[in-house]
Amino acid sequence: MVELTVTIALVGILAIPVSGVVMNHLQASLKTDDSIAAANLARYEQELFERRDTKSSWCSVPSSELPPSDPDRPECPKKVKGLNPYVGLPFVVYRINEGQRATDDSTGGLRRISVKVKAIRRQETSGNITALEPLATVVTYLRPGVRFGT
């Protein structure tokens, strides 16, 4: 009986630090999964930017649902229209399209397209988002008449 009690006590003492390691591993794994999903969403939206309106910005949720502290909120439309493949995902996808001055000061419509993906960390039952965490940003440039590849 003494041996069984000592064994149980040792297992209990060893289980405390091991459980901490396991919990840290699970949290890191979930964070990595979020980062990979966000990077894939950003790349997907970059591939779609020529299919969408190439002159304006776009956001996967209306600006009224975003927290007032979000610095990218002004880029979001009042109401999302058209194809929105991101409904129901735990992310907000922004495509911020802005004019860019070329390094040689030439004109010609150079555009800087930034795609940002932020994870929704808190949301009210009304649908309003109260906390976002930036996960991925992809930037590319578009100039009318310039094509890469075949």
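**Salt bridges, strands and a ring cluster**

Lys118 is buried in this predicted model, with a relative accessibility of 6%. That value sits under the 20% limit, so the buried label follows directly. What does the side chain of Lys118 meet in a salt bridge? The partner turns out to be Asp70, with 2.7 Å from N to O. Asp70 lies in the loop between strand E1 (58-59) and strand E2 (91-99), while Lys118 belongs to strand E3, so this contact ties together parts that are 48 residues apart in sequence. Asp70 is buried as well, at 6% relative accessibility. The pair does not stand alone: a network of salt bridges links Asp70 and Lys118 with Asp72 and Lys116.

A search of the whole structure turns up six salt bridges. One of them joins Asp34 to Arg121, with the closest N and O atoms 3.2 Å apart. Here Asp34 comes from helix H1 (residues 2-48) and Arg121 from strand E3 (residues 111-123), so the contact ties together parts that are 87 residues apart in sequence. Both ends of this bridge can be placed on the exposure scale. Asp34 is partly exposed, its relative accessible area being 22%, and Arg121 is also partly exposed, at 39%.

Arg121 has another acidic partner to look at. Glu133 forms a salt bridge with Arg121, and the closest N and O atoms lie 2.6 Å apart. This pair links distant parts of the chain, with Glu133 in strand E4 (residues 129-142), Arg121 in strand E3, and twelve residues separating them. As for exposure, Glu133 has a relative accessible area of 23%, so Glu133 falls in the partly exposed class. Arg121 thus takes part in salt bridges with Asp34 and with Glu133.

The strands that carry several of these residues come next. Four strands make up an open sheet, ordered E1-E2-E3-E4, with antiparallel pairing. E1 and E4 are found at the edges, where each has a single partner strand, so one side of each is left without a neighbour in the sheet. Strands of a sheet are held in pairs by backbone hydrogen bonds, in a parallel or an antiparallel sense. How many bridges join E3 to E4? The count is twelve, and the two strands run antiparallel. Within this pairing, Arg112 stands opposite Tyr141 of E4. E3 and E4 also form a hairpin with five residues between the strands, and in this hairpin Gly127 adopts a positive phi near 105°.

At the other edge, E1 pairs with E2 in the antiparallel sense over two bridges. Trp58 takes part here, its bridge partner in E2 being Arg95.

E1 also supplies one end of a disulfide. The structure has one such link in total, and it joins Cys59 to Cys76, with the sulfur atoms 2.3 Å apart. The Cys59 and Cys76 link is right-handed, with 55° about the S-S bond. Distant parts of the chain are connected this way: Cys59 sits in strand E1 and Cys76 in the loop between E1 and E2, 17 residues apart. Are the two cysteines buried or exposed? Cys59 is buried, at 0% relative accessibility, and Cys76 is buried too, with a relative accessible area of 6%.

Aromatic rings round off the picture, with two aromatic pairs counted. One of these is formed by Tyr44 and Tyr86, whose rings are 6.2 Å apart centre to centre and have 85° between their planes, an edge-to-face arrangement. Tyr44 lies in helix H1 and Tyr86 in the loop between E1 and E2, so the rings tie together parts that are 42 residues apart in sequence. The two tyrosines fall into separate exposure classes: Tyr44 is partly exposed at 40% relative accessibility, whereas Tyr86 is buried, with a relative accessible area of 3%. Ring pairs bring Trp58 into a cluster with Tyr44 and Tyr86. Trp58 therefore shows up in two settings, as a member of this ring cluster and as the bridge partner of Arg95 in the antiparallel pairing of strands.

Notes: Residues numbered from 1 in each chain as written. Predicted model: local features only at pLDDT ≥ 70, side-chain atom pairs only at ≥ 80, totals over all residues. Heavy atoms only, no water. Salt bridge = Lys/Arg side-chain N within 4 Å of Asp/Glu carboxyl O. Buried < 20%, exposed > 50% of the residue type's maximum accessible area, 1.4 Å probe, protein only. Disulfide = S-S within 2.5 Å. Phe/Tyr/Trp six-rings, centres within 6.5 Å; stacked < 30°, edge-to-face > 60°.
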